[in-house]
Amino acid sequence: MGESGLGDRLRSAVRAGDAQAVRALTEQGAPPDTADAAGLPVLCAAVAAYDAEVAAALVEGGADPDRVLPDGSTPLWRAVDGGSPAVVSAVLGTEPRLRLPEAARHRLLHLARDWYETGAAEKLRRRTGDPGPATTVRVQDDAYDRVDEVSLGGHVVRAGHGAVLTSLEWAFRVLTPVGELIGRAVEHPDETHVTWSAVSWVLLQRRSRQTWSAVVAHRHHPAPAHRRLAAEYLRMHALCHPGGHDDAEKRGTLLASWAAEETDGGVLAKVVAALTEDDHPGQEPAGLRHAGHTDPRVRREVPHALAVDGVPRSPAARDALHTLLGDPDARVRISACSVGMRDDGLLPAITRALLVLAGDRDAGVRGAAAAALAASPDRTPRVADTLVSLLDEENRLVRLEAAHGLALRDDPRTAEAIARVGPLPPGFDDDHRAHALWRWRRRQEDAPGT
């Protein structure tokens, strides 16, 4: 097929939002800067549609994010203007600090900061002349984070410019003061907001002792949101930058001390969760101290604090875990069940708790119970029968957990369970549950006499 035909197909794939087809077409030779019906590169159409996957596919295929357009803008400028951090990340390309001249970097930073400081609604009023009011809805920006989408005067923008500014500053190695970054994040106390996520990510990338000290100093801040971000930073720091024994000891000692002083339940839950990442000796005392905390968010983290890798559980920890199996909060009971699963002395009580939780009114609790029952070493018929009952669930993931548990038990009803799960959508290629079902079917096919 000629270049013209490939370009037509590329335009269609971009309009359809088919990132896989876009990748295939650019690999076949479709010009990545093919113009759309308006004469602009198709990358601009992906940016306007907030289609980060297609935009990324085009840039990976050679589309130029810095191509100067008739109005003087570029696809990257338009992405920043649009306010979607996911789209900006897709269009930013590699080595932007080295690729873009200083003046271009300053223009992009100024654009993002102007939107952020003015506010999306007010900026749209000035741009459109429409006094409003603006319409705002919360939308998913990428697989994990959400952002407000603001509409006014026929224009739509995503109000993620705080996150965009934060990401651009780091990409261009502008070291914004830690306090200013945290101030941006806590304007949106929802941890799934794009700005909270961007700030947290950038702080983790800045691996200096100065940044570490400046963030953890916020554990003394009077506002819980600041303390919550500092606790989550320490948890992620342990996961992403575990370091050596000295680093783990420093984090653990600080968190153990903090856990003894924190008064806000939501923050304390984060502190206890962070403490468990390093298997610090202080985590069991912290867990025992807060096992009866009035906030269920704290009690949900306590079972994990009572399990230190390589250290036998103390009688006091086992007693606390047994008590939590009867907690009034279902998710506390799930947590206790999951942590205590390999304790033979607790297993009967855990099984009883999970059988009850499998019938909970909350679908999320039923799903968690299905996962725990599937992994349980309890191979009695009542567990298998409960897994079969969960095959009636509307949620495919719950059905998958149930089928997985039956396959692990080589239950004769596994074939029916697999049929009840149905074909899995894309994204399950590396899923351990899907692999277990595949292996079960292969064993049946390879069995003598089949």
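The following exchange concerns a three-stranded sheet and one helix of a predicted model.

The model is predicted, so local features need pLDDT of at least 70 and side-chain atom pairs count only at pLDDT 80 or more, while totals for chains, interfaces and linings use all residues. Residues are numbered from 1 along each chain as its sequence is written, and side-chain values use heavy atoms, with hydrogens and water left out.

Trainee: In the open sheet of 3 strands, which strands stand at the edges?

Mentor: Strands are DSSP runs of E, at least two residues long, numbered from the N terminus, and two of them pair if DSSP finds at least two bridges between them. The sheet has the order 1-2-3 with antiparallel pairing. Each edge strand has a single partner, so one side of each is left without a neighbour in the sheet; these are strand 1 (135-140) and strand 3.

Trainee: In strand 3, which residue is the bridge partner of V150?

Mentor: Strand 2 (residues 146-152) and strand 3 (residues 155-158) run antiparallel and are joined by 4 bridges. In strand 3, S151 has V156 as its bridge partner. For V150, the partner is V157.

Trainee: Within what arc do the buried residues of helix 26 fall?

Mentor: Helices are DSSP runs of H or I with at least four residues. In helix 26, the buried residues (under 20% relative accessible area, 1.4 Å probe, protein chains only) are R433, A434, A436, L437 and W440. They line one face of the helix, because the directions from the helix axis to their C-beta atoms fall within an arc of 160°.

Note on methods
Buried means under 20% relative accessible area, exposed over 50%, partly exposed in between (1.4 Å probe, protein chains only).
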